[in-house]
Amino acid sequence: MNPRIYVLTLVTFAFGSGAFIFAGMLEQMAADLGVTTAVAGQLQTAFVLTSALLGPLAAWRFGQVDRKIMVIAGLSTGLILHIACALTPNFGVLLVLRALAGLAGAMSGPAASVAAATLAPPERRGSAVAMVAGGMTLAFVVGIPLGSIIGAAFGWRATFLFAALLSAIPLIAVIFFLPSVPAPPPRPAGSLDLKGIWPFYLTTFLTFAANMTLNLYIAPIVRVGAGVTGAGVSAFQSMIGFGSLIGLSLGARAADRGLGRGWILQGFIIQATAMAVHFAATHHALPGGWPSMGLVAFAILLAAVALFSITPVIQASLIQATDGAPVALALNGSVISLGQALGSAAGGAALATFGVPAIPGAALLLSLTALTTMAFVFPRPQPKPVTAD
């Protein structure tokens, strides 16, 4: 594997950490800003909606710009906005800043994936894309839990300063160690075969919608299901990282082997199972203490395995089907953001209407909807032609 791909992994690490850095402090942040927890959760909705709307536009406008420059621009923008979030006086300004921060992810995320696919040999593209996606794993193992610990010690504003630091590190690494990565050659107008690739986008949308319904509200989920609050939430957040390590390892192998429909459906079954376990935990299916904490930790781990085993397969399939077209990858990033927006809104609505135990119920409903939908619409593998001896 080209060692420069590890630099690109730091890019997604910074983006993933910055995107969810405040999740463990959501309830404290809401109280400090004078809003409900459900309303504070919409900071993530604003972030991902902006990313979804501006991602394809940025990819079209800057499609022929060197990928290194795009990554630098995204990281620089994110760094500045994280600092601004730490200094913001009220919720309204913070909401606007988080919306603008979505642009940073829209610029850097797809560019990092295309750069990784370009730097890797064709037979290793699936693994290269999975490695870049592994930056999200590192975020959940290290970045986001550390953000929760720092927030518990110094307040939620310190989490955004920590996110700025995490953006500065890969920014320096990219400037000095990543070579120039020319953008893929432009595709003829209208040549993006949406008919052939739309099931990939739908898979991405449904996967992230179900996952984000619960993950953004992990602090109240852990409080109700496991009886843990404050810095202790970071230990449960790290389970996302460990689960994603397993998922990415499995997903990378599946992507390299060209697996598709069966693998995707299997992932949705695992995801639905994880949400059912969360539902049982928040309804106190096991006694308090270690049994309930173990159940919640297992559910978080299982959900992460499902999400991150599906993601590399979809991204590698898109790169292969579109020759790494920037717009195609940006559209996938937008679909991820739209799925996250639906999930965060659905989780917030469930929380506001029925309370914390309803959140995993909403996530389970979305997971089962995804499984049923993809069983009908995801293309079946074409039989290999029979050749005469």
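What follows is a dialogue on how terms are applied to this predicted model.

Trainee: What makes up the chain in terms of helices and strands?

Mentor: It has 15 helices and zero strands. Buried residues account for 59% of its 389 residues. Take contacts between residues at least 6 apart in sequence: 87% of them join residues at least 24 apart.

Trainee: Why are α5 and α8 called roughly antiparallel?

Mentor: Start with the angle. Helix α5 (residues 67–87) and helix α8 (residues 156–177) pack at about 160°. The term applies to angles over 145 degrees. The pair is therefore roughly antiparallel. Their axes are 8 Å apart, and the crossing is left-handed.

Trainee: Which residues make that contact?

Mentor: On the α5 side they include K68, V71, I72, L75 and L79. On the α8 side they include W156, R157, F160, L161 and A164.

Trainee: How many residues of each class are in the contact of α5 with α8?

Mentor: There are 18 nonpolar, four polar and two charged residues. K68 of α5 and R157 of α8 both belong to the contact, and Lys and Arg count as charged.

Trainee: What makes α10 and α12 oblique?

Mentor: Helix α10 (residues 218–226) and helix α12 (residues 261–282) pack at about 55°. Roughly parallel needs an angle under 35 degrees, and roughly perpendicular runs from 65 to 115. The value of about 55° fits neither range, so the pair is oblique. Their axes lie 7 Å apart.

Trainee: Where do α10 and α12 meet?

Mentor: I221, V224 and G225 in α10 meet H278, A281 and T282 in α12. By class, that contact has three nonpolar, three polar and no charged residues. G225 is in the contact, and Gly counts as polar here.

Trainee: How do you know how α9 and α13 are oriented to each other?

Mentor: By the same steps. Their axes cross at roughly 160° and come within 10 Å. The cut-off is over 145 degrees. α9 and α13 are therefore roughly antiparallel. The crossing is left-handed.

Trainee: Which residues make the contact of α9 with α13?

Mentor: From α9, among them are I197, F200, Y201, T204 and F208. From α13, among them are A303, L307, I310, I314 and L318. The classes are 10 nonpolar, seven polar and no charged.

Trainee: How do you know that the span of α1 agrees with its residue count?

Mentor: Helix α1 (residues 4–20) has 17 residues, which should span 24 Å at 1.5 Å a residue. Its end C-alpha atoms are 25 Å apart, which agrees.

Trainee: What is the span of α9, and what is expected?

Mentor: Helix α9 (residues 194–215) has 22 residues and reaches 30 Å from its first C-alpha to its last. That is close to the 32 Å expected.

Trainee: Why are α1 and α9 called largely enclosed?

Mentor: Count the buried residues. In α1, 13 of the 17 are buried, so α1 is largely enclosed by the rest of the structure. In α9, 16 of the 22 are buried, so the conclusion is that α9 is largely enclosed too.

Trainee: Why is S292 called buried?

Mentor: Its relative accessible area is 7%, and buried means under 20%. S292 therefore counts as buried. S292 sits in helix α13 (residues 290–322). Leaving aside neighbours within four places in sequence, S292 is in contact with G225, A226, L286 and P287.

Trainee: How do you know how A297 should be classed?

Mentor: A297, also in α13, has 15% relative accessibility and counts as buried. The cut-off is under 20%. A297 touches F236 and M239, not counting residues up to four places away in sequence. A297 and M239 are 58 residues apart in sequence, yet 6.5 Å apart in space, C-alpha to C-alpha.

Trainee: What makes A316 buried?

Mentor: A316 has a relative accessible area of 14%, and the limit is under 20%. So A316 is buried. A316 is found in α13. From A316 to A255 is 61 residues in sequence and 6.2 Å in space, C-alpha to C-alpha.

Trainee: Why does A117 count as buried?

Mentor: A117 lies in helix α6 (residues 91–119). Its relative accessible area is 5%, set against a limit of under 20%. A117 is therefore buried. The C-alpha atoms of A117 and D323 are separated by 9.6 Å, with their positions 206 residues apart along the chain.

Definitions and conventions:
Residues numbered from 1 in each chain as written. Predicted model: local features only at pLDDT ≥ 70, side-chain atom pairs only at ≥ 80, totals over all residues. Heavy atoms only, no water. Axes fitted to C-alpha atoms, helices over the stretch in contact; angles between N-to-C directions. Helix = DSSP H or I, 4+ residues; strand = E, 2+ residues; numbered from the N terminus. Left-handed = near helix turned anticlockwise from the far one by under 90°. Contact = heavy atoms within 4.5 Å. Expected span 1.5 Å × (residues − 1). Buried < 20%, exposed > 50% of the residue type's maximum accessible area, 1.4 Å probe, protein only.
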